[in-house]
Amino acid sequence: MRWDIHYRETWLHRTNPSLKLLVMMSIFILVLFLHNPNVLINLSIGLFLLFFIYTGYPLKYLLLFFLPFFVIFVSTASSMTLFGQGTTTWVQWGLVHVTKESFLRGMHLGFRALTFALLGLIFSLTTRPVYLFYSLMQQLKLKPKYAYSFLAGVRLIPIMLEEFQTVQNALKVRGAGHSGTLEKVKRYAVPLLSQSIRRAQRIAVAMEAKRFSNETKRTFYYRIGFSKYDLMFLFSMIGIIMLSYYAATVFPYIPVTDVR
Amino acid sequence: MQTTKGLKLADILTTIVISIVFGIVYKLWGPFYYFVKPFGLHVDQLIYGMWFIAATVAFLIIRKPGVALLAEIAASSGEFIMGSEWGLEVLLYGVVQGLFAEAAFAAFRYKQFDVFVVSLAAIGSTIGSLIMDFYKGYIEALAPWNLALFLLARFVGAVLISGVFASSLVKALEATGVTQMVRSASKEDYEQLDR
Amino acid sequence: MECIASVEQLRLKFPGKETLLFKDLSLSFKKGEKVLLIGPSGCGKSTLLQVLSGLIPHSVDIPMKAKHIRVPDNWGYVFQDPDSQFCMPFVDEEIAFVLENISVPREQMPERIEGLLRAVNLQVPPHTNIHTLSGGMKQRLALASVLALEPDVLFLDEPTAMIDDEGTEMIWRTVKQIAYDKTVIIVEHKIEHVLDFVDRIILFNDAGEIVADGEASTIFHNYKEVIASQGVWYPRIWDDYKKKKKVRRHSSEQREVICLENFQGYRNKEVKIRVNTARVHEGEWIAVTGKNGAGKSTLLHALMKLIPTDGEYKVYGNRLEQTKQLARRIAFVFQNPEFQFVTNSVWEEMAYSLRLEKRTEQEIASEVERLLKMFHLEEQKKQHPYQLSMGQKRRLSVAASIISGQKVFLLDEPTFGQDAKNTFALLELFESYREKGAAIIMVTHDEQIVKHFATRRWIIENGQLVRDEPVMPETKKALSVQGGSSREMGYSLS
Ligand SMILES: Nc1ncnc2c1ncn2[C@@H]1O[C@H](COP(=O)(O)OP(=O)(O)OP(=O)(O)O)[C@@H](O)[C@H]1O
Ligand SMILES: Nc1ncnc2c1ncn2[C@@H]1O[C@H](COP(=O)(O)OP(=O)(O)OP(=O)(O)O)[C@@H](O)[C@H]1O
Ligand SMILES: [Mg+2]
Ligand SMILES: [Mg+2]
């Protein structure tokens, strides 16, 4: 997705996007039902290493991407910590009620958010949308009309960002009257949306003019198949999960195994 | 006039492009959300409703079955592809929120397009998001007064943003005449050809 | 010969309009014909092409009916707007998309793609981001992806509207090479490049009726009066125009309006335009010329401070920092007319600036009506600006920007996609302002306009103002601004 940054292609880039997505979804669901903080901490360390070493981006950008996730970690952890229910009170101050249970739960939530974020980041940093949608069409039988609409939409993102600038320029050049905040929001939102709709309509017409049709059989410019990298990916993910469980039973950080 | 099954290419493309605009908004909303979150007392929940707006706006514009669900999925995919802070989570939330919004429109057989239905859809999406939160965030473990505040803020915010604001935004769009391109021509228009 | 496309008694009406755009129009094309459709701006040429290709009503739902309609089986369409006809991010992927649609085996694709790029002379590596191409290159790509369909019939809707002379020449040469055995239906205002290629010309009038239809070689002779009265371009029109109207040009030195010293404009922190020194005076009409992507629009954007700038820049002796302040003195017309529409109807768009000046409703109404008439937009006054034809959009954008009486004009290709009548009307309007002491800076690709209307010419090359020279039949010498090389440009004054 981040076209403009130069990155090194790693084995993660070469895994099949559909497989990658499905595996990550499974881990996501696994984590939803995971209540042992020890395993979760190990898992996030494992994913963090994967993110840091194998996404192929320069260190500077990795840190930059990671920063917001840290904030999320803190903010997710804090609201549960400060207002949760529990029996072992640590601090009570007005509405704020910190208990041991709520603290642990808060930390668990923080790590959970971190895991989700890392999964997503690893995926989006190592997957070109074009390959993703070609793979979805070939492996998961996504209908071409959806896939190409998404691709056209992705192509429009930079154009739409420019359009925002354009609207701003037009208002400057033509002069703008005084107006309230809501009025201002609409002043930008309406032209941006209506322009996007028009553009979408024109592109749809152009696509049909190029004989795009949902009915006829089509060939694919990129054939996305499976390779040894997919095995590698599968095994490393399973490895990380098994190691997390193993380490959690052998060297637990905290003596709690269920935060509920 | 065509009568193909399901959505036409132009409908899909339009829905997706609108949704990507909102995907950008969703992405920017993330930092804003966690900026207000540490204030506590669930001020953040008041603005949560923004994440349901793609479904209601897209449906109001295109007015066809399936659009609300597609829009919410597309917007969250857009957010995801741009590197959302919540990562994969947003995709699942998108699907669930979209399904619930779609259900609200379906309950009226896709024939009603006023503030009331969209507000209902917004409430639907809120319920969807709460179901997800239930699994993910242990919200049931919050102190009762706090949970009540949390729920109230989220519902009110959703109705205000994805219900009321969304429908006034589409009203403004209709004034530009762009929605006319999207919806099919009426019978009277065809009849006038014979004058 | 075999008929390949036809309509019989076509009726078409846009929703919400009172009148029919076409009423019982009948027309047919033979296989292998090369046809040029001409007619006043807004007469329905673009719409007709879409009907003939079946896009209306198949992809665009507009009320229409016809007694009989025959759409070719295998056609390709190049649209007016280069930006919204692609759906993939890279050049090779875009062409591959078309090849996929017609089920070309994957193994053959790379070779086919390279062949097509060669055919349209687009010399970039196949895996190039489309976003980085200039307008001319994009149109060439559009042509390549249409050719990938191996069409029997080509529909071309002003494929060169914003492209420089050299690019226009190239594109038409390409079309001629690849389409000699195909049926080609063209809509184009700049006819000089296609006249030797087409063998039939059809002329429409304002009401969307055919008023002349004949062989290309004789039509301008046989129908001279009709053609001239419809206000469309025809060969040697400038000679006739000169006979009728004497364009007087005197640019006696008057007050200085704009002063530039070491002026630079930035895009993404890179210098994209540089002007070492330049002056603009009252009563001057400066034509800014140069190739696509040279930096002409960037110069105007810099003068309007829409992009970051540095260096000395004064307007009437004042340094103005904000676009808002500049906008009070300078009228600005964007290259893409859609970029400047801020309201929902033609009428409101015209009234917008006047409203901001708090004029009375009565004053506004009379001024707007006057300009609507002058720019032939009366019938469209209730339409949304985006629902206009290409030429109508262009006129509206110009009219709406100059209405509030500024005395400096920055105009970015104000006459592209325009018929002759409206082009002259616009030019004469500018000229009348200039005579009253306004200063005009106008980007254009049209040498005739430079020759007949401009008083000076600025040549932009690679982001730099390289030449600043008077355009006067009697002057032979050119002022050269240091630091540029304009030798290979081959512009000459005569
Ligand atoms: N969506 C629309 N709704 C209403 N009117 C429209 C719409 N699109 C076009 N028109 C009107 O239909 C007429 C024909 O438009 P069209 O684009 O076919 O003209 P054209 O001959 O191609 O003109 P030009 O040379 O300026 O491009 C114009 O008067 C225009 O205002
Ligand atoms: N918004 C933008 N962001 C970044 N670069 C741009 C932008 N607009 C133009 N450029 C670049 O600046 C250079 C000058 O472009 P500009 O649009 O000024 O050319 P031009 O002379 O007006 O060409 P044309 O005749 O095609 O209108 C080009 O290399 C172009 O790629
Ligand atoms: Mg046209
Ligand atoms: Mg330009």
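These are worked exercises on a predicted model, taking in a metal site, two chain contacts, one threonine and some salt bridges.

**Exercise 1. The magnesium ion**

Find which protein atoms are the donors of the magnesium ion (ligand 4), and say where their residues sit in the chain.

*Solution.*

Step 1. Start at the ion and look for its protein donors. They are OG of Ser297(C) and OE1 of Gln335(C), at 1.9 to 2.2 Å from the magnesium ion.

Step 2. Now place the two residues. Ser297(C) belongs to helix H10 (residues 296-303) of chain C, while Gln335(C) is in the loop between strand E15 (330-333) and helix H12 (346-356) of chain C. They stand 38 residues apart, so this pair links distant parts of the chain.

Step 3. Check how much of each residue is accessible. Buried means under 20% relative accessible area. Ser297(C) has 18%, so Ser297(C) is buried. Gln335(C) has 23%, so Gln335(C) counts as partly exposed.

**Exercise 2. Where chain B touches chain A**

Describe the contact between chain B and chain A: how many residues take part, what area is buried, and which elements of chain B contribute?

*Solution.*

Step 1. Count the residues. Chain B brings 56 residues and chain A brings 63 residues.

Step 2. Take the area. About 5,400 Å² is buried between chain B and chain A, and carbon and sulfur atoms give 79% of it.

Step 3. Look for charged and polar links. There are 0 salt bridges between chain B and chain A, and 2 residue pairs are in polar contact across that interface.

Step 4. Find the elements on the chain B side. Those giving two or more residues are helices H1 (9-36), H4 (67-81), H5 (89-107), H6 (115-137), H7 (144-175) and H8 (178-182) of chain B. The largest share, 13 residues, comes from H1(B).

Step 5. Sort the chain B side by class. It has 39 nonpolar, 11 polar and 6 charged residues.

**Exercise 3. Where chain C touches chain B**

Repeat the steps for the contact between chain C and chain B.

*Solution.*

Step 1. Here 17 residues come from chain C and 14 residues from chain B.

Step 2. The two chains bury about 1,400 Å² between them, with 42% of that area on carbon and sulfur atoms.

Step 3. The search gives 0 salt bridges across the interface of chain C and chain B, along with 1 residue pair in polar contact.

Step 4. On the chain C side, the elements that give two or more residues are strand E1 (3-12) and strand E4 (64-65) of chain C. By class, this side has 6 nonpolar, 5 polar and 6 charged residues.

**Exercise 4. The surroundings of one threonine**

Is Thr444(C) buried or exposed, and which residues is Thr444(C) in contact with, leaving aside neighbours within four places in sequence?

*Solution.*

Step 1. Locate Thr444(C): it lies in the loop between strand E17 (439-443) and helix H16 (447-453) of chain C.

Step 2. Read the accessibility. The value for Thr444(C) is 4%, so the residue counts as buried.

Step 3. List the contacts. With those neighbours left aside, Thr444(C) is in contact with Ala287(C), Val288(C), Thr289(C), Ile449(C) and Val450(C).

Step 4. Look at the side chain too. A polar atom of the Thr444(C) side chain lies 3.0 Å from the backbone nitrogen of Asp446(C).

**Exercise 5. Following the salt bridges**

How many salt bridges does a search of the whole structure find, and where do Arg202(A) and Glu338(C) lie?

*Solution.*

Step 1. Over all chains, the search finds 39 salt bridges.

Step 2. One pair is Arg202(A) with Glu338(C), whose closest N and O atoms are 2.9 Å apart. Arg202(A) is in helix H8 (residues 181-209) of chain A and Glu338(C) is in the loop between E15 and H12 of chain C, so this salt bridge joins two chains.

Step 3. Compare the partners. Arg202(A) is partly exposed at 28%, whereas Glu338(C) is buried at 10%.

Step 4. Turn to pairs within chain C. Arg355(C) forms a salt bridge with Glu348(C) at 2.7 Å; Arg355(C) is partly exposed at 31%, and Glu348(C) is partly exposed at 31%. Glu357(C) forms a salt bridge with Arg359(C) at 3.2 Å.

Step 5. Finish with a network: Glu447(C), Arg457(C), Arg467(C) and Glu469(C) are joined by salt bridges that share partners.

Definitions and conventions. Residues are numbered from 1 along each chain as its sequence is written. Chains are lettered from A and ligands numbered from 1 in the order in which they are written. This is a predicted model: local features need pLDDT of at least 70, side-chain atom pairs count only at pLDDT 80 or more; totals for chains, interfaces and linings use all residues. Side-chain values use heavy atoms; hydrogens and water are left out. Donors are N, O and S atoms within 2.8 Å of the metal (3.2 Å for Na, K and Ca); water is not among the atoms, so sites may look incomplete. Helices (H or I, at least four residues) and strands (E, at least two) are DSSP runs, numbered from the N terminus. Buried means under 20% relative accessible area, exposed over 50%, partly exposed in between (1.4 Å probe, protein chains only). Contact means heavy atoms within 4.5 Å. Buried area is the accessible area (1.4 Å probe) that two parts lose on being put together, summed over both. A salt bridge is a side-chain nitrogen of Lys or Arg within 4 Å of a carboxyl oxygen of Asp or Glu. A polar contact is a pair of N or O atoms within 3.5 Å; within protein, one must be able to donate a hydrogen and the other to accept it, and residues adjacent in sequence count only if both atoms are side-chain atoms. Ala, Val, Leu, Ile, Met, Phe, Trp, Tyr, Cys and Pro count as nonpolar, Asp, Glu, Lys and Arg as charged, and the others, Gly among them, as polar.
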